[in-house]
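Ready to get to know a new protein by working through it piece by piece? Have a look at the sequence and the structure, then try each exercise before reading its solution.

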Amino acid sequence: MTVEREEYGSPVGRPRSPRSGNSDWLTGSRITAVQGVFYRPEGRAGEPEAVEFVIDRGESVLLTCTSDWALCVTPGAWPLLPDWCVPANQWQHAPLTQLPPVPYEGGWTVVGTLERRDGCGEVHEAVIRCQEGDFVVVAGDTLAVRFHPH
């Protein structure tokens, strides 16, 4: 999975970790939480606007949809909300109820990633492969997130 640098720069007060252009940096990481980013006035009934994978090194990866339903992968700012959550008091992180609880060992160990692209070369689906199963994130009007146990 390629983690893109955000074009508008680093938000004030939020440290950024340099990331290489390939997906190998995620391999070996342990995902300790998966949080949806929800617009609260709409309630939690729908799908999240974004999903943030929290990594045991104190980092996170944020997956969002672009206007053309492509998937954008950027460094997250956990536990802070993304910059585009304006006004911030109307947004919240929340666990995704359709996903299993964190394994007894304290996290999912990433063994690889896969991007599925459309005919134009845009990423529309990302798979984060873990020892325990695969997280599948699909772009659309909002994000759909599934977990397929092994």
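The exercises below deal with a predicted model.

**Exercise 1. Describe the secondary structure of the protein.**

Solution. Begin by counting elements: the protein has nine strands and zero helices. Next, follow the chain along its sequence, and the pattern reads β-β-β-β-β-β-β-β-β.

**Exercise 2. Work out how confident the predictor is, and where the pLDDT falls below 50.**

Solution. Start with the whole protein, where the mean pLDDT is 83 and 81% of the residues reach 70 or more. Then turn to the elements: strand β8 (residues 133-138) has the highest mean pLDDT, 96, and strand β4 (residues 71-75) has the lowest, 91. Finally, look at residues 4-22, where the pLDDT is below 50. In the model, this stretch makes 31 contacts beyond near neighbours in sequence.

**Exercise 3. Find what share of the residues is buried and what the protein exposes.**

Solution. Of the 150 residues, 47% are buried. The protein exposes about 7800 Å², and 53% of this comes from carbon and sulfur atoms. A further step is to ask how far apart in sequence the contacting residues are. Among contacts with a separation of 6 or more, 52% are between residues 24 or more positions apart.

**Exercise 4. Count the salt bridges and describe some of the partners.**

Solution. The whole structure contains four salt bridges. Let us take some of them in turn.

- Arginine 116 pairs with glutamate 125, with 2.2 Å between the closest N and O atoms. Arginine 116 is partly exposed at 35% relative accessibility, whereas glutamate 125 is buried at 11%.
- Arginine 129 pairs with aspartate 134, and here the closest N and O atoms are 3.2 Å apart. Arginine 129 is partly exposed, with a relative accessible area of 32%, while aspartate 134 is buried, with 11%.
- Arginine 57 pairs with glutamate 59 at 3.3 Å between the closest N and O atoms. Arginine 57 is partly exposed at 45%, and glutamate 59 is buried at 17%.

**Exercise 5. Explain why cysteine 72 is too far from the closest cysteine sulfur for a bond.**

Solution. First recall that a disulfide is a covalent bond between the sulfur atoms of two cysteines. The cut-off used here is 2.5 Å between the sulfur atoms. Now check the distance: the closest cysteine sulfur to that of cysteine 72 belongs to cysteine 65 and is 9.7 Å away, so this pair is too far apart for a bond. The structure as a whole holds zero disulfides. As for their surroundings, cysteine 72 is buried, with a relative accessible area of 16%, and cysteine 85 is buried as well, at 3%.

**Exercise 6. Locate the unusual backbone features at proline 79, proline 87 and tryptophan 69.**

Solution. Keep the general rule in mind: most peptide bonds are trans, and most residues other than glycine have a negative phi. Then consider each place.

1. Tryptophan 78 and proline 79 are joined by a cis peptide bond, with omega about 10°. Proline 79 sits in the loop between β4 and β5 (91-95).
2. Valine 86 and proline 87 are also joined by a cis peptide bond, with omega about -10°. Proline 87 lies in the loop between β4 and β5.
3. Tryptophan 69 is not a glycine, yet its phi is positive, about 70°. This tryptophan 69 belongs to the loop between β3 (59-65) and β4, and it is partly exposed, with a relative accessible area of 46%.

Conventions. Residues numbered from 1 in each chain as written. Predicted model: local features only at pLDDT ≥ 70, side-chain atom pairs only at ≥ 80, totals over all residues. Heavy atoms only, no water. Helix = DSSP H or I, 4+ residues; strand = E, 2+ residues; numbered from the N terminus. Buried < 20%, exposed > 50% of the residue type's maximum accessible area, 1.4 Å probe, protein only. Contact = heavy atoms within 4.5 Å. Areas by Shrake-Rupley, 256 points an atom, 1.4 Å probe, with all protein chains shown as cover. Salt bridge = Lys/Arg side-chain N within 4 Å of Asp/Glu carboxyl O. pLDDT = per-residue confidence, 0-100.
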